[in-house]
Each structure stands twice: as C-alpha cells, then as structure tokens.
Amino acid sequence: MAVTNAPNVIENRKNLSPNNKIRKFFIYLKNNYWLYIMLIFPIAFLIIFKYIPMYGLTIAFKDYDVIRGYGDSPWIGFEAFKEVFRMKDFYKVLRNTLMLNLLDLVVGFPAPIILAILLNEVTSKWFKKISQTILYLPHFLSWIIIAGIMYQLLSPQTGLINSIIIKNGGQSIPFLTEKWHWLFTYNAIGVWQSAGWGTIIYLAAISGINSELYEAATVDGAGRLRRIWHITLPGIKSTIIVLLIINLGRIMGISFDRPYAIGNSIVLEFSDVISTFVYRIGIQSVRYNIATAVGLFQSVIGLILVLLTDYIAKRFGEDGIF
Amino acid sequence: MMKKKPSDLIFDIFIYFTLIIAVLACLLPFFHIMSVSLSSSSAVMLQKVSLFPVGLNFEAYRRVLGDNSMIRSLFFTIYITVLFTILGMFLTICYAYPLTRKNLKGRNVFLFLGLFTLYFGGGIIPEYVLINDLGLMNTMWCLILPLALSPYNMIILKTFFTNSIPESLEESAKLDGCSDIGILLKIVLPLSTPVLATLSLFFAVGRWNSFQDALFYISDAKLYPLQLKLYYIVNASGSTETLVMESGGGVEQLQPEVIRAASVMFATIPIILVYPWLQKYFVKGVMIGAVKG
Amino acid sequence: MKHGFMSKMKTVSIKQKGEIQLKKQFSKIICFSLAVALMATMAAGCGKKGSSNADNETSSKSEQAVEIKIPVYERGIQGEPAANDNFWTRWIQQKALEDINVKVTYVPIPRQQDVDKFNMLLAAKEAPDIIFSYDYPVISAFYTRGALQEIPKDVLDKNGPNLKKYLGEETLKYGEIDGKQYLIPARRPQSYSYMTLIRQDWLEKLNLPMPTNLDEYYNVLKAFKEKDPSGLGSNNIIPLTFSLKNATDAVANYGFRSDDISEEEHAMYSDVLLPSLSWEPTKEMLRFNNKLYNEGLISQEFALDKDGKKAEADFMNGKAGIYGGYIAKSPPIIQTLMQNVPTAKLKVLPPQPAPGTTAKGREYWPFGMLSGINKECKHVDAVIKFIDWMSREDILFTLQKGIEGKNYTLKDGEVVLNNDFTGEEKLLNGTNKDLWCLVTESEDLGDEMKNLEAEAKLRAPEGFEYLFTENYEQTKKIKGIQDFLFDRPVESVNKYRKTLLSKYEEAAVKLIMCKPSEFDALYETFKTEYLNSGYQEILDEKKQIYNEMKKK
C-alpha cells in the first residue's frame, strides 16, 4: 500500500504560496475523500428532513395561520414573545419546568450510573441478564398506563399503600395530593421509569474498559470500592460528561405526557409546565406562533447551555462534544 | 481465586439487596398489567385486580391475537423497525467516524449542523408539509426516513470511538498502510460491538415505541405501526360520556380495560425480547493482545 | 512507532483478522445495498399512496362523477375495521355513485387530535371538503380564520331539498353565522340517556321518601352515610358519586339559579362550554359541593378521578347511593351493579331545585355535528347533494339498521336487531354513527314517544328500559332553558377558553376541598384571577354582541 502521501508529510511543507495552498487542498481531498463521501449521506438527510422545515421557526415572528398560508401571514416581529412574557402564568410554568428538570437531573442522572456499576459488579451471569431485562421494562410503558397504576397505588384513601397505612391506624400520605409530596412522587416515578433503560449505555461503556486494568488493580490489593472509584468511573467518564452536557441542554424542555398524566388540579401549582402551557395556549387555541415562540425560547436557552457546559468541560481538561 | 475480603461480602449483600428491590419495583407493575389482561372484565371494572388475575380468562388475548389487523401490524412494525435500524446505524457510522478524525476540515461545522437540530426544529406543521411535498405521505418511508438521522446517537458513537479505541492501534495500522476507511472497517467497528449493539437497540426501540408521526402521516390502516394501534386502544376509552354520547349507544363501542391491558402486553413483549438477544454483543470487542508502546 | 518484532506480529494478526472482517463488512455492505434496492422497488411497486378507496369503483359513470372528500372519525377501537375503508364506507361509495353520481373518498381524522389533523391538512392544502366538529367554538374558530365558505341559498335549495325538509328551518338556522349559512347542523332528537339514578332499595330500607328538593336531597345523602343501608360500613359509603368531571361541569348550577334571571344575564353567564366562576349561582353551587365534601358525602379523591371511572366503580361496587351518568348497554355499569348487588333497585331521581324555586335545567342544543364546507372546495353542490342523499329515509334506515337478514330481521314489519351478528356487515361501533352523524345524532322516527322507545330499546340494558321512561317523565318536570346562541362567534371565547377551563378546574377543586370557613376568601381570590385571565373580556364582548343583536 502506498505510504508516501501520509498527511503528516504534507503538514511539514513550508511552501505556502497560493498555488501550493490549492495543491495542498487537493492532496488533502485525495487522501480523505472517503470521509467526505461518507458524510454526504447523513448531511443530506439533515438538510432534507431537518433544515428544510426549519423555516417554521420564523412562525414565531408571524401572525401565522395555516389557512392563510405561510407566505400570506404578516410579520409581527417579537409581538408573540412579548405576549407570552406578559402572561403571569408563563413564569409559573417556567419555574416549574426548571424545578422538575433540575430534580430529575440531580436524582435521575446519577441513578442509572449507580445501577450500571452495581450490575457490573454482579458475578452471576443469569442474575445480571435477568435483572437488566426487568429493570428496563418501565421504559416501555406509556405514561397514561403508568399514571393509572400510580393512582391505584398512591391514592390518599383507596390507594394500596395508604389503605394499608390507614388500616393499621396511621395517617394517609398525600403522595399525589400535596404539592411537595407530589414533587417527590413525580421525581421517583421518573427515576423508576428511566433508570433501568439508562443503564444500557453505561454498561456498554463499562465493557469498553480494559479488563487488564482490573486485574492489575486487584493484584495491587485494591478492594471493590477502590476499583470502582479508580477504574470504572474514570473509564466511563467521557460518556458521563457527554450525556450530562446534552441533558443540561434539555433543562428548558419538558415532555408533555408525563406531567399531564401524573399531575392533577390539586397540585397544578407545581405540575403546570411549559409543555402543558403551550398545549393550552398554543395548540388548543390554534395559535401556532405562540407555541413556536415558546419553543424557540426553549431551544435558544438549550443550545447556549450546551455550548457553555461544553466549554466548561473543555476547560477542565475533559473531552466535550466538540 | 482471590480471597474474599469481608468488606467485599458486605458490598455483595448491598448490591444484591438494592438490585432485588429495584427489580421488584420494575416487575410488579408489569405483573399488575398482566393480571388485568387475564382477569374478567367485571373484576377489572370494579378495580378489584391488583397482583393476581381475578376471574382468570383468556378472552382478551383471544380477541387481540385473533385480530388480523393486530397481527399484520405486528409484522409491519417489525419490518419497518429492522429497516429503520439498518438505515439509522449506517447513517450514524457515516456521520460519527469522519468526525473522529481530528484533522478533518470542517469537522466542527458538520458537528454543529447536527447538534443544532437536537435543540431546534421546524415544528409539526412545516414537517407535515414537507412529507406531503416529498410524496411520502401514507407510505412506509415516512416512518423510516425522517427520523433515521439521530445526532444524539452520533455523538454517543463519536465519543465511544474517540475514547475507547486506543490511538496506538490506529497508528500502527496507518503505518501498515491502512486507509481511513480500512481502519474503520478493520479495527474501529469490530472493537465497538457494545456501543453498536446499544445504538441498534436505541434505534429499534425508538422506532418501535413512537407513533406520533404515524398518527398524522398514515391514513391507510394497513400501515399502522403497533404502537399507534395501542395508543388508540389505550386512549380511545376517554370517558364513558364521550363514548356513549358520540357512538350512538349501541352494544359494543367500549374499549374494555382488559383489552387495553392485553394490547399493552402484545405490543411490548416483542421489543423487550430484543435486548436479551443482543446481550451477547455486550462483551468487549476483540482486543488483540496487550498493546505496549 | 516501532517497526520491530512486536509490530510485525501485530501486522500479521491485524491482516488476518482484517481479511475476515473485511469479508464480513463487504458482504454486509452488499447485503445492505441489495436490501435497499429491493425495498425501493417494492415501495415503487406498492405505489405512492396506500390502498385508495378509488380503486373500488368499476362503473363507467365514474368518468364524469364529481369527487368529494368527506372526513370520518378514526377511533382506533380494537376489533373495529379502519374507519375510512370498510364494508359500510364501500357501501356508501357504491350507492352514492349509483344514486347521485358522486364519488366519495373518506379521510380518517383521529378523534382526539381532530383539530390538529384538520389544521395540518389545511396547511398542506389537502383538507377534505367538509370540516366538522361537535363543538360549536371549534367550528366557529375555523370560520373566523377563514377556512369555510358560504353555502349559498340557491345551492342549498337546489341540491338539498330533502335535507331542508329533514332538518327543518329551526335547525338550519343554527348553522347561520352573521346571517349567512355556513354550517349544516345535524338534527338532534331529544335524548334521555343521561340520568341520575338513586338506590331505591336504600330509601326503602331507611324508610325515606324520594327527595324532591335540595334540602331533602342533602338529608337523604346524610342518612345514607350515617345509617349505612348497604352493610358495607359507613366509611365505605359514598352517598353521591362525584368525579372531576362533575366538579368542572359548567352548567350544574341550574339548581342554584333564581327564577327570574334576565335573558341578558343568561346569555352572558350560561354557557355549557365555559364555567361562569364569577357568577353567584356558581358560587353557591361550589359552596354546596364544599359542604358535601367536608361531610364525607362525596369521594375524598374526586379530584384524582379525571375520567370518572372511579365514580363508576364506586357505583358498581354498591357503595354509592346516587349516580349520575350516561346509561347504555356498554359500558355495562348497571349490569355489573346487579351482578354485585342483586337486590339493588334503581329509580330515576326527580329534579332537586333549591326550596322555593322551580326546577330548571339546561336544554340540549337541538343540533349535533356541525359541518362546514372547506373554502377550497370546488363542488359545494356535490357536497350538499351527498348530505341530502344521506338524509333520505331509505338510506338512513339501511345505515342505521344494516342489511336485512344479517344485522336485523323483520318480524311482522317490526325490526328485530340481531345483536350478536359478527359478519363483515356489522355496524361500525355498533351503530355506524360516525358515518351518519352528518345528518342526525340518533335515530329519529319523527315522534317523541317512538324515539324514546327506540332509544330505550337501543341503549337500555335488558330489563331497564323503564329507566328511560322514568327519565322522560322526570325531565318533563324541568323547565328547559337553552343556551343563548350568538349570531356570530365570540372571539374572546375562542381565545381564552382553554386557559379558563384549566383555571376553573383548579379553582373548583380547591374551593370544594377547602375548609368551609376559608371558602369565601378563597373564592374572591379565584374570582379575581378568573376575571383577569380573560373572563371579563368575554363578558364584555358577549354583552356588546347581545346589545347589537337586540338592536336589529
């Protein structure tokens, strides 16, 4: 195989006149054309399916109606944004969204990591395989189904848990009917639903760690905990950081199904979030520009957060996304 | 082999204990759904079923499994899931690998193009108009093509490539005259089986579980994915009020809870079985001996 | 970077491994390409669209036939065929082509996402020729946004003579906006399926007479709770079933209204789709419900019962004394109750007005489905012809009853329904309603008593037809008042309705669950917020429109 045109040979050339620059560029292409050919496919998909509809973002700046059509809808600048920012409820749902998401991050982000590490330490193969499969079952249930089960379990009088408590003379616990308790319940259900599924990516990352490192550490007399701390965790550090960055970027976004199904009017003060707000104001009232404006707001903040945390990660010497 | 320290033993107990609780927490609700699906309709309506079937009968399954449209939907969903996964993996590899080459010109631009779409999107109406203009409406391709490109999966793959494939392996391969694509095929991919298996699972489960696109794009019932049918079955019950008011009050317009539960089991069990089957790929990729130097 | 022995070893093993891997990769690539090529061919073969209804036409008439697209709700109920392609849609298509030379294509609309789907179709310029909704504000919003076109009087006269006769002037008038005909409302014969039932056996056990006013009603509920006629234990008794739906019912306050409310006040505050939180009768109703809640006469978990299923379960379990809901064969609420408590006896509860007032109640709108014509529709005449055709007696009869010998048999000229029929001709969802809803809400035999009988036969669980008769009699005692119909859409309603519904839900729940001493203060807080969130604007606009209407 030819060796002469290795890239590092090119880099050492000192001649940088225009002709040479162009020549350098073409040699670079000749050496790397495969890579660009590979990139054509995904970039084409990106452009067609993601960037062509991107004009929809500008709906936030128009008095858009599907019947008039996009072209005939007049430009209104930031009016839609102003209208949203004037609504008192917007700040409430903003606060709730951040609150719920931060809670999810603090509790729900480490949970699959810990679970993955625990699973990794299990020696019995069949126990490992079975528990992995069972742990991710909740991921497959829709929130409506989950909510139905939760109500049967946690209702203040007739729920399974509370009826046992009451029978034994205790006081019922308002899992779903008192807003702070509800916060905890919402979070716990979320962890239950997603932790098992989240372990899969970490287990895959763990399996990429060189087993010799473990053998060497054991020989050196390191116990379980030290092995985890010094080998497992560092081994999956890059995965953790990347996922953390992406998730931080999602802190402004929130799904619709989960707060809608698990929430109720008693705890509306905490359970009303941006997604349910947009559903009411934007979608159901057919005011797509409001819905788009809020979405745009969420996206911009999300992207800024991603770039910011990526930068911070880099400063700490870690590989970020870029 | 090695002597078990007492702290190890305590740790073992802690691990098993925690895991067993977690497993039970995840298993019991499923048990409940299964029991509901095997109970009699009236027991379920009276909300008397908790962990074990009451009035055991298989009527719900008889109806669901005997429903041709459900079976057809099952096979159709498997079919598009497989195609979707293959296309998705192909695109993810094509996207992630070049971005791991640090000397690639335009690397950050390409990466940003994808990352941007993780947070910004055109909205349901423009996307609908696009699918319509492309002539994909009401075909199986609108369920496969639009979502096949996943920047999220690409970032995961790229991270894995960069951090788990030792540079020295690639260096020596280069010295032996391997081209970039050769490195990809001969070294990087074989060593990445765990993450490739994971991402395949993500694609498959992602396609299997979604129905929002089919809800609006598909009007031919033969092309309904299973989860869309399930969504209707679970949601269509709504309130008795709507049902009776709008359905003319005839004999059979109810969606019994039992049928809901049986449909959930029917739509969920196939995809659950994929992971155990994939687990054999979660061992480390083949490492060719120690790499020293 | 060493070129020594080790790296040579590696080279060898890499190359060997490489070859195997390369072959594997190559074959994978070839397989994939073949697969893609295969799929592409298949996709091309399958055609761009899925099976289209159009292929079913064979008659040569189809060359000049006018094509129209009609929406139909897709409810996705397990066991039912596709809403837009089944025996009955095909029957309609064939018959319509034969009879009036109109080629019909059905467009499925997911029931829960109907507005979204219509909007998407409109955006893509693919919307059907009819846009419909059961909700007046929804369809009037489409009108305001310019999605509908006027139905000229002469087009209606020429193409819909039977329809005009069938609907009658009064019903058709409800389809007018700003004096012009924009909607075709479906007829709505009076329906008696919604009833409040009381456990007569409990009354008998406690020697109580049937209550006839609000005070007696309250006393009966209290007696049920304290004296426990069911034997299930006082703690388990739920005298009155109450769910979130009951709590947010916008027109449950009739029992608290005084007898002399002016038409203007009625127009402003009485709206089935928008609760009037700031109105005095609503406040009193909430206060009453608060009393019931605090004394344990309604479920303490009502706020979590979003779909009313818990209330149904309480009734079926024999725990409840009074239950309000729609009665039909399915869901089998009464049947399950009888299974559980064979000694239960049910009667329809008479109206319970506040002492000193007369019994009042909301009279249903006399229309059902509201169909508007898409602005882009090029064949208004064909659409009207189609709806007209459907209102024909023989067509409606077949659509509502089915095929003789299969769905029903004739015994001495009387139709006997074959409820166990499972063939292809089975009526969709039991009644085909989603197909003939364009013209009527239920079977209409032209005579009130005959309709009642037919409704009872269709809906009542076996042995309980008497409930429908009783409900009819009790309803007759109530002075029915219709909601006021404005001659144009109230735009602020469209704008704020969803927000206000959510606010009302929160307010009602909190007001019902709070301590009685806190009620008044809490009410004032919620009332102010409600008005500030758009309700005041709505009241003002309604008043303005009302005054303009009165001037004409």
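**Exercise 1. Two neighbouring helices in chain C**

Task: In which handedness of crossing does helix 17 of chain C pass helix 18 of chain C, and at what angle do the two pack?

Solution, step by step. Keep in mind throughout that this is a predicted model.

- Step 1: Look at the crossing. Helix 17 of chain C passes helix 18 of chain C in a right-handed crossing.
- Step 2: Find the helices in the sequence. Helix 17 covers residues 448–459 of chain C, and helix 18 covers residues 465–476 of chain C.
- Step 3: Read the geometry. The angle between them is about 140°, and their axes are 8 Å apart.
- Step 4: Put a word to the angle. That value makes helix 17 of chain C oblique to helix 18 of chain C, because angles have to be over 145 degrees to count as roughly antiparallel.
- Step 5: List the residues that meet. From helix 17 of chain C come Leu452(C), Glu455(C), Ala456(C) and Lys457(C), and from helix 18 of chain C come Glu465(C), Phe468(C) and Tyr472(C).
- Step 6: Sort them by class. This contact has four nonpolar, no polar and three charged residues.

**Exercise 2. A second helix pair, now in chain A**

Task: At what angle do helix 3 of chain A and helix 16 of chain A pack, and which residues make the contact?

Solution, step by step.

- Step 1: Take the angle and the spacing. Helix 3 (residues 79–86) of chain A and helix 16 of chain A pack at about 80°, with their axes 9 Å apart.
- Step 2: Name the arrangement. The two helices of chain A, helix 3 and helix 16, are therefore roughly perpendicular to each other.
- Step 3: Find the partners. Helix 3 of chain A brings Ala80(A), Phe81(A), Glu83(A) and Val84(A), while helix 16 of chain A brings Asn289(A), Ile290(A), Ala293(A) and Val294(A).
- Step 4: Sort them. The residues of this contact divide into six nonpolar, one polar and one charged.

**Exercise 3. A covered helix and what follows**

Task: How many residues of helix 12 of chain C are buried, and which ones are they?

Solution, step by step.

- Step 1: Count. Helix 12 (residues 309–316) of chain C is mostly covered, with seven of its eight residues buried.
- Step 2: Name them. The buried residues are Lys310(C), Ala311(C), Glu312(C), Ala313(C), Asp314(C), Phe315(C) and Met316(C).
- Step 3: Step past the end of the helix. Just after helix 12 of chain C, Gly318(C) has a positive phi of about 85°.

**Exercise 4. One residue in a loop**

Task: Is Ala344(C) buried or partly exposed, and which residues does Ala344(C) touch?

Solution, step by step.

- Step 1: Place the residue. Ala344(C) lies in the loop between helix 13 (333–340) and strand 11 (346–348) of chain C.
- Step 2: Apply the cut-off. A residue needs 20 or more neighbours to be buried; Ala344(C) has 18 C-beta neighbours inside 10 Å, so Ala344(C) counts as partly exposed.
- Step 3: Look for contacts. Leaving out residues up to four places away in sequence, Ala344(C) touches Arg199(C), Asp201(C), Gly318(C), Leu337(C) and Met338(C). Gly318(C) is the glycine with the positive phi from Exercise 3.
- Step 4: Check a distance. Ile334(C) is 10 residues from Ala344(C) in sequence, and 9.9 Å away from C-alpha to C-alpha.

**Exercise 5. Domains in two chains**

Task: Where do the domains of chain C and of chain A run, and how many residues does each domain give to the contact in chain C and in chain A?

Solution, step by step.

- Step 1: Start with chain C. The domain assignment gives domain 1 (59–187 + 367–442) and domain 2 (194–363 + 463–551) of chain C.
- Step 2: Look at how these domains meet. Their C-alpha centres are 33 Å apart, and the contact takes eight residues from domain 1 of chain C and nine residues from domain 2 of chain C.
- Step 3: Examine the domain 1 side. Helix 4 (residues 136–144) of chain C gives the largest share, five residues. By class, this side has five nonpolar, two polar and one charged residues.
- Step 4: Turn to chain A. Here the assignment gives domain 1 (1–61) and domain 2 (68–315), with C-alpha centres 37 Å apart.
- Step 5: Count again. Five residues of domain 1 of chain A and nine residues of domain 2 of chain A form the contact.

Conventions
Residues are numbered from 1 along each chain as its sequence is written. Chains are lettered from A and ligands numbered from 1 in the order in which they are written. This is a predicted model: local features need pLDDT of at least 70, side-chain atom pairs count only at pLDDT 80 or more; totals for chains, interfaces and linings use all residues. Axes are lines fitted to C-alpha atoms, for helices over the stretch in contact, and angles run from 0 to 180 degrees between N-to-C directions. Helices (H or I, at least four residues) and strands (E, at least two) are DSSP runs, numbered from the N terminus. Angles under 35 degrees count as roughly parallel, over 145 as roughly antiparallel, 65 to 115 as roughly perpendicular and the rest as oblique. A crossing is left-handed if the near helix is turned anticlockwise from the far one by less than a right angle, and right-handed if clockwise. Two residues are in contact if their C-beta atoms, placed from the backbone, lie within 7 Å. Ala, Val, Leu, Ile, Met, Phe, Trp, Tyr, Cys and Pro count as nonpolar, Asp, Glu, Lys and Arg as charged, and the others, Gly among them, as polar. Domain bounds come from an automatic or database domain assignment. A residue is buried if 20 or more other C-beta atoms lie within 10 Å of its own, exposed if 12 or fewer, and partly exposed in between; C-beta atoms are placed from the backbone.
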